[in-house]
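Visitor: I'm new to this one, and a whole protein at once is a lot to take in. Please pick one buried spot, give me a close look, and then lead me outward from there.

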Amino acid sequence: MEYAYDDHALSMFAKALGYDSDAKILAQRSLFYKNVIDRRTGYVQGRHADGSFLNDDNAFRNCSFITEGYPCHYTWYVPHDVYGLMKCMGGKDNFVSKLDSMFSEKRYWHGNEPCHQVAFLYNYAGEPWKTQEQIRRILLEEYRTGSDGLSGNDDAGQMSAWYIFGALGFYPVCPVDGYYVLASPSFSRAVFRLPNGKTFIMNAQNASEKNIYIQDVYLNGRKYNKNYILHQDIINGGVITFKMGSKPNKEWGANLRDCPPTYLGLK
């Protein structure tokens with residue numbers, strides 16, 4: 001699963017360098033994650049040498065073919081092809097149901113970084129209000145002050161970086177693809193002073209512990225319904241304004257055209 005994303009990132013790098021044939025091979029290889037998803041369950045599963053899947057019901061326990069975590073944790077590690085994963089699971093409804101169970105059944109493990117994009121994946125299914133809800137909950141429950149303030153090892157600073165992105169209200173689910181998924185900003189105002197001399201400002205009107213849901217978004221004064229923002233939008237400078245409330249607006253960011261793009265074109 002991890003190598004599949006690595007291949008996608010390398011494919012983007014190869015394409016930028018002009019190695020189109022290598023980029024194509026790597027892009028194809030980045031879809032090999034599908035080879036270890038058992039369509040009977042929609043979860044990652046081990047396979048025998050003859051290619052057949054194990055028949056064990058082991059999606060929610062330690063397995064010999066997972067280094068750290070459960071199959072249900074690593075199943076979601078397809079940041080470059082979320083819509084392809086959705087198809088492997090049998091469609092959007094199954095995808096959302098499995099996402100819901102990660103939280104309702106206490107399967108989400110924030111202390112292990114491969115889970116860090118899980119809560120943001122609701123945006124891809126047109127239910128961004130659930131992302132907003134879960135991100136605020138994780139910020140409150142998984143982080144504390146003091147020497148034991150992190151719920152897991154701060155590998156390469158990722159545990160801390162997640163907190164910063166989560167509190168600001170946007171996150172790079174697939175960092176190499178140039179967009180950020182929007183969530184629930186905790187700060188009423190944040191200012192980014194960019195290397196190019198420009199400034200990008202994030203305002204969150206009425207943001208509070210209770211007002212965790214996005215009601216409306218405006219980018220440079222124009223109504224903005226997409227539940228993601230491009231990296232280039234930030235680099236260009238400007239102002240994004242969130243209007244927050246205590247009840248979810250299930251219409252905002254819910255249309256397919258408002259969901260995050262995918263480099264592989266499988267949306």
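**Starting from a buried ring**

Guide: Let's begin at Phe170, which is buried, with just 6% relative accessible area. Keep in mind as we go that this is a predicted model.

Phe170 has a ring, and rings are a good theme here: a search through the whole structure turns up 17 aromatic pairs. One of them joins Phe170 to Phe165; the ring centres sit 5.4 Å apart and the planes meet at 90 degrees, so this pair is edge-to-face. An angle over 60 degrees is what earns that label. The partner has a bit more to do with the outside: Phe165 comes out at 24% relative accessible area, which makes it partly exposed. The line between the two classes is drawn at 20%, so Phe170 falls on the buried side.

Now compare a second pair, Phe192 and Phe200. Here the centres are 6.4 Å apart and the planes make an angle of 50 degrees, so the pair is called tilted. Phe192 is partly exposed, at 21% relative accessibility, while Phe200 is buried at 2%. Both pairs belong to a bigger picture, because rings within 6.5 Å of each other, centre to centre, count as paired. Ring pairs link Phe120, Tyr143, Trp162, Tyr163, Phe165, Phe170, Tyr171, Tyr180, Phe192 and Phe200 into a cluster. Try colouring those ten-odd side chains in your viewer, or just start with our Phe170, a member of that cluster.

From rings, let's move on to the nonpolar interior. The largest nonpolar core contains 46 residues, and Trp76, Phe95 and Tyr124 have the most contacts inside it. Plenty of elements chip in: at least two residues each come from H1, strand S2 (43-44), helix H4 (82-88), H5, H6, helix H7 (158-168) and strand S4 (179-182). Tyr124 shows nicely what that looks like from one residue's point of view. Skipping neighbours within four places in sequence, Tyr124 is in contact with Val82, Tyr83, Met86, Val173, Tyr179, Val181, Cys259 and Pro260. Apart from this core there is another one, made of 19 residues, including Ala190, Val217, Ile229 and Met244.

Next come the charged pairs. Side chains of opposite charge can pair when their charged atoms come close. In this structure the search finds seven salt bridges. Take Arg29 and Asp7, whose closest N and O atoms are 2.9 Å apart. Arg29 is in helix H2 (residues 20-29) and Asp7 is in helix H1 (residues 2-16), so this bridge ties together parts that lie 22 residues apart in sequence. The two ends sit in different surroundings: Asp7 is buried, at 8% relative accessible area, whereas Arg29 is partly exposed at 37%.

Another bridge brings Asp100 and Lys130 together, at 3.3 Å from N to O. This pair also links distant parts of the chain, 30 residues apart, with Asp100 in helix H5 (residues 92-104) and Lys130 in helix H6 (residues 128-141). Asp100 counts as partly exposed at 26% relative accessibility, but Lys130 is buried, at 14%. Lys130 also has a salt bridge with Glu127, where the closest N and O atoms are 2.9 Å apart. Through shared partners, Asp100, Glu127 and Lys130 end up in one network.

Finally, step out to the surface. Phe13, Leu17 and Tyr19 make a nonpolar patch there of about 360 Å². Look for Tyr19 in the loop between H1 and H2; with 48% relative accessibility, Tyr19 is partly exposed.

Two more loop residues are worth a glance for their backbone. Ala156 is in the loop between H6 and H7, and its phi is near 55 degrees, a positive value in a residue other than glycine. Ala156 is exposed, with 90% relative accessible area. Asn220, in the loop between strand S7 (213-219) and strand S8 (222-223), is a non-glycine residue with positive phi as well, near 50 degrees. Asn220 is partly exposed at 48%, so that residue stays just under the 50% cut-off for exposed.

Terms used. Residues are numbered from 1 along each chain as its sequence is written. This is a predicted model: local features need pLDDT of at least 70, side-chain atom pairs count only at pLDDT 80 or more; totals for chains, interfaces and linings use all residues. Side-chain values use heavy atoms; hydrogens and water are left out. A salt bridge is a side-chain nitrogen of Lys or Arg within 4 Å of a carboxyl oxygen of Asp or Glu. Helices (H or I, at least four residues) and strands (E, at least two) are DSSP runs, numbered from the N terminus. Buried means under 20% relative accessible area, exposed over 50%, partly exposed in between (1.4 Å probe, protein chains only). Patches are made of residues with over 30% relative accessible area and no salt bridge: like charges are joined within 9 Å, nonpolar side chains (Val, Leu, Ile, Met, Phe, Trp, Tyr) within 5 Å. Accessible areas come from the Shrake-Rupley method with a 1.4 Å probe; for residues, only the protein chains shown count as cover. A nonpolar core is a set of buried Ala, Val, Leu, Ile, Met, Phe, Trp, Tyr and Cys residues joined through side-chain atoms within 4.5 Å. Contact means heavy atoms within 4.5 Å. Rings of Phe, Tyr and Trp (its six-membered ring) pair if their centres lie within 6.5 Å; planes under 30 degrees apart count as stacked, over 60 as edge-to-face and the rest as tilted.
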